[in-house]
Amino acid sequence: MTAPGQPLDVDKIIALIQAEAARRYPLGQASAADIFPAKRKYALEEFLRLEGNAFVKAVHQGLLRRDAEPEECKIYVQALGAGSLTKADLLLAVRWSKEGRQHAVKVAGLGRLRRTRVFERLPLLGRVLARLDRSGQRRG
């Protein structure tokens, strides 16, 4: 690469990394399984730290044990980007879908989030919880 004492050539390093990635994962052949390993139990943060396409692919691979269909992926990424869908909404919908229930993958923290969402939908309790949540955000 470079001689000792010489500055690193960042462009050369990036080119080497890209070449190795292309060698390992030829275009169109890498699946989410290569990036997001299948386990029986995940922490919620393992999903939430991802963004966009990587998040959608990880949700499908982790919870449904399959790659997301390209059109499915596109729709979810657009909805997440537009703010009409949250990461939590997608995780809850996929995990408790018919297909998600068949795989029954555990996600620590997702059950609590699901219960909270159920309570938020109740007329009186939902308003109280929303008000408490807003007041907590102001203090933080």
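This note sets out numbered points on the predicted model shown above.

1. Overall architecture. The protein chain contains nine helices and two strands. Along the sequence these elements follow the order α-α-β-α-α-α-α-α-β-α-α. The chain has 140 residues, of which 23% count as buried. Among contacts between residues at least 6 apart in sequence, 54% join residues at least 24 apart.

2. Confidence. The mean pLDDT of the protein chain is 80, and 75% of its residues reach 70 or more. Helix 2 (residues 32-35) has the lowest confidence, with a mean of 56, whereas helix 7 has the highest, at 94. Where pLDDT is low, the predicted coordinates should not be read in detail. That caution should be kept in mind for helix 2, given its mean of 56.

3. Helix 6. This helix spans residues 87-95, and seven of its nine residues are buried, so the helix is largely enclosed by the rest of the structure. The buried residues are K87, A88, L90, L91, L92, V94 and R95. The list includes K87 and R95, and both of these residues reappear in the points below.

4. The surroundings of K87. This residue belongs to helix 6 and is buried, with a relative accessible area of 17%; the value counts as buried because the cut-off is under 20%. Leaving aside neighbours within four places in sequence, K87 is in contact with L48, L50, E51, F55 and L80. Two of the partners are approached through backbone oxygens: the side chain of K87 reaches that of L48 at 2.7 Å, and a polar atom of the K87 side chain lies 2.5 Å from that of L50. The charged end of K87 also sits over the ring of F55, 5.5 Å from the ring centre.

5. The salt bridge between E51 and K87. Side chains of opposite charge can pair when their charged atoms come close. Here the side chains of E51 and K87 meet in a salt bridge, with an N to O distance of 3.0 Å. The pair links distant parts of the chain, 36 residues apart: E51 is in the loop between helix 3 (44-48) and helix 4 (52-64), while K87 is in helix 6. The two partners also stand in contrasting environments, since E51 counts as exposed at 56% relative accessibility, whereas K87 is buried at 17%.

6. The network around R66. The structure holds four salt bridges, and R66 takes part in more than a single pairing, as the following distances show. The side chains of E72 and R66 meet at 3.3 Å, N to O. R66 also forms a salt bridge with E99, the closest N and O atoms being 2.8 Å apart. R66 lies in the loop between helix 4 and helix 5 (70-82) and E99 lies in helix 7 (residues 98-103), so this pair ties together parts that are 33 residues apart in sequence. Salt bridges with shared partners thus join R66, E72 and E99 into one network. R66 is partly exposed, with a relative accessible area of 23%, and E99 likewise counts as partly exposed, at 26%.

7. Aromatic rings. A search of the whole structure finds one aromatic pair. Rings also take part in charge placements: besides the placement of K87 over F55, the charged end of R95 sits over the ring of W96, 4.9 Å from the ring centre. R95 is one of the buried residues of helix 6.

8. Positive phi values. Which residues other than glycine have a positive phi value? R65 is one of them, with phi near 60°, and A104 is another, with phi near 50°. R65 is found in the loop between helix 4 and helix 5, whereas A104 lies in the loop between helix 7 and strand 2 (106-108). R65 is partly exposed, with a relative accessible area of 26%. A104 also counts as partly exposed, at 26% relative accessibility.

9. Summary of the points on side chains. K87, buried in helix 6 at 17% relative accessible area, combines a salt bridge with E51, a position over the ring of F55 and approaches to the backbone oxygens of L48 and L50. Elsewhere, R66, E72 and E99 are joined into one network by salt bridges that share partners.

How values were computed. Residues are numbered from 1 along each chain as its sequence is written. Side-chain values use heavy atoms; hydrogens and water are left out. Rings of Phe, Tyr and Trp (its six-membered ring) pair if their centres lie within 6.5 Å; planes under 30 degrees apart count as stacked, over 60 as edge-to-face and the rest as tilted. A charge sits over a ring if NZ of Lys or CZ of Arg is within 6 Å of the ring centre and within 35 degrees of the ring normal. Buried means under 20% relative accessible area, exposed over 50%, partly exposed in between (1.4 Å probe, protein chains only). Helices (H or I, at least four residues) and strands (E, at least two) are DSSP runs, numbered from the N terminus. A polar contact is a pair of N or O atoms within 3.5 Å; within protein, one must be able to donate a hydrogen and the other to accept it, and residues adjacent in sequence count only if both atoms are side-chain atoms. Contact means heavy atoms within 4.5 Å. pLDDT is the predictor's confidence in each residue, from 0 to 100.
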